[in-house]
Each structure stands twice: as structure tokens, then as C-alpha cells.
Amino acid sequence: WPCQDSQLAPLPLGPGPFRGTVALSRADGDGAMHAAITFPKERSVAIFAHTGRGGDSWLPAGEVRTRAVATSSSFAAGGKDLLLTSADGAVARLHLPTGEVAPAAAALAHPSHATCPYANGIARLARGPQGPALFLA
């Protein structure tokens, strides 16, 4: 969608500077949104939902424990799956309708910074010995 200032209520991230990660997903057509929020050093992900209407608030939609602290997160197409990347580059796939968490990609030998769905797999941006590197799984 085109980037613009949001007219929605702010996410409930707490006071002070936020140091965690946020991933957003918008449903096709109706404007409803989901946000996945991870907090530093916590092995959980908080999920919030919003109707997409200006006067409404973000509401808690669930929380899931993870095997490791997530350092980045991103929604797969359609917003039903959330990819959670840990510091070692391993990726877990959280299926939101069921809450099931399953491994999606093995750890890397390099620190991973970002993950996104790519074709039928996963693309990861990591810092390799020669600088930034893209890994496909």
C-alpha cells in the first residue's frame, strides 16, 4: 500500500523509546490490520488487531511464546503467517489462525537482520564476512 501518515490510533508500545520489533499486515479489501510486537529479551510475540477505522483502538488478539528471542519479524502474504527470526538467523513460522509455531529455516553462521517471504521460501539479509549477504531458503 502507499506510504502515508496513519490516521489510526498508535500501537500500545508503552512509555519511553521502543526497542523491540513491529510487523504490520493489512487484510485485502476491508482495511483491517494486524500488528506483531516483540520486546527485547522476551520470548514471546504480542498480536494486536485493528478494524482499520479511524476512531477504533488496537485490541489484543493473542500472545505466543517462542523458542528464542525474535530479533526481526515479518508477515507472509495474506497475513496468516508470521516469520520470526532469532539472533542466530533461524526462522520460525507462526500460523496465526491456529497458533502453531514450526521451524521454517535453519540457523545461519552469520547474524541475521531481516527476513521476508520469497517465492516458496524465505529470504534473509545477514551480515557475512564480506558485508551484507542475502540467503534464500
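Good morning. Lys41 lies in the loop between S2 and S3, and I shall begin there. The structure before you is a predicted model, and every value I quote is computed from it.

Lys41 has a phi near 65 degrees, a positive value in a residue that is not glycine. As background, most residues other than glycine have a negative phi. Is Lys41 buried or exposed? With a relative accessibility of 79%, Lys41 counts as exposed, because the threshold for that class is over 50%.

Ala119 also has a positive phi, of about 50 degrees, although it is not a glycine. Its place is the loop between strand S9, residues 112-118, and strand S10, residues 121-128. Ala119 counts as exposed too, at 74% relative accessibility.

Let us now turn to the interior. Which residues make up the largest nonpolar core? There are ten: Ala23, Ala36, Val45, Ile47, Val64, Ala70, Phe75, Leu82, Leu84 and Leu94. Three elements give two or more residues to this core, namely strand S3 (44-50), strand S5 (70-75) and strand S6 (81-86). Apart from this core lies another, of eight residues, including Met33, Ile37, Phe48 and Trp58.

Two members of the largest core deserve a separate word. Phe75 is found in strand S5. At 11% relative accessibility, Phe75 counts as buried, because the limit for that class is under 20%. Which residues does Phe75 contact, once neighbours within four places in sequence are set aside? They are Ala23, Leu24, Ser25, His34, Ala35, Ala36, Asp81, Leu82, Leu96 and Pro117. Among these, Ala23, Ala36 and Leu82 also belong to the largest core. By way of a distance, the C-alpha atoms of Phe75 and Ala61 are separated by 15 Å, and these two residues are 14 places apart along the chain.

The second member is Val64. Leaving out its neighbours within four places in sequence, Val64 is in contact with Arg43, Ser44, Val45, Leu94, Gly99 and Val101. Of these partners, Val45 and Leu94 are listed in the largest core as well.

I move on to charged pairs. Side chains of opposite charge can pair when their charged atoms come close. How many salt bridges does the structure hold? It holds three, and I shall take them in turn.

In one of them, Arg53 pairs with Asp56, and the closest N and O atoms are 3.5 Å apart. Arg53 is exposed, at 54% relative accessibility, whereas Asp56 is partly exposed, at 26%.

Another salt bridge joins the side chains of Asp88 and Arg67, at 3.8 Å from N to O. This pair links distant parts of the chain, 21 residues apart: Asp88 is in the loop between S6 and strand S7 (91-95), and Arg67 is in the loop between strand S4 (59-65) and S5. Asp88 counts as partly exposed, at 33% relative accessibility, while Arg67 is exposed, with a relative accessible area of 55%.

The remaining salt bridge is formed by the side chains of Arg93 and Asp81, also with an N to O distance of 3.8 Å. Arg93 lies in strand S7 and Asp81 in strand S6, so the pair ties together parts that are twelve residues apart in sequence. Arg93 is partly exposed, with a relative accessible area of 30%. Asp81, by contrast, counts as buried, at 18% relative accessibility. Asp81 has appeared already, as one of the contacts of Phe75.

Finally, I come to empty space. Rolling a probe the size of a water molecule over the atoms shows where such space is left. The structure holds one cavity of 30 Å³ or more, and the largest cavity has a volume of about 80 Å³. Its lining consists of Thr66, Arg67, Ala68, Val69, Ala70, Leu84, Thr85, Ser86, Ala90, Val91 and Ala92. Which element gives the most to this lining? The answer is S6, with three residues. By type, the lining divides into seven nonpolar residues, three polar and one charged.

There are pockets to consider as well. The second largest pocket has a volume of about 150 Å³. Among the residues that line it are Ser25, His34 and Leu96, which also appear among the contacts of Phe75. Strand S1 (21-26) and strand S2 (33-38) each supply at least two residues of the lining of this pocket. That lining comprises five nonpolar, four polar and two charged residues.

Thank you for your attention.

Key
Residues are numbered from 1 along each chain as its sequence is written. This is a predicted model: local features need pLDDT of at least 70, side-chain atom pairs count only at pLDDT 80 or more; totals for chains, interfaces and linings use all residues. Side-chain values use heavy atoms; hydrogens and water are left out. A nonpolar core is a set of buried Ala, Val, Leu, Ile, Met, Phe, Trp, Tyr and Cys residues joined through side-chain atoms within 4.5 Å. Buried means under 20% relative accessible area, exposed over 50%, partly exposed in between (1.4 Å probe, protein chains only). Helices (H or I, at least four residues) and strands (E, at least two) are DSSP runs, numbered from the N terminus. Contact means heavy atoms within 4.5 Å. A salt bridge is a side-chain nitrogen of Lys or Arg within 4 Å of a carboxyl oxygen of Asp or Glu. On a 1 Å grid over the protein atoms alone, a cavity is a set of points where a 1.4 Å probe fits but cannot get out, and a pocket is an open set with protein on both sides within 12 Å along at least five of seven lines; lining residues have an atom within 4 Å of a point. Grid points are joined across faces, edges and corners, and a volume is the space filled by probe spheres set on the points. Ala, Val, Leu, Ile, Met, Phe, Trp, Tyr, Cys and Pro count as nonpolar, Asp, Glu, Lys and Arg as charged, and the others, Gly among them, as polar.
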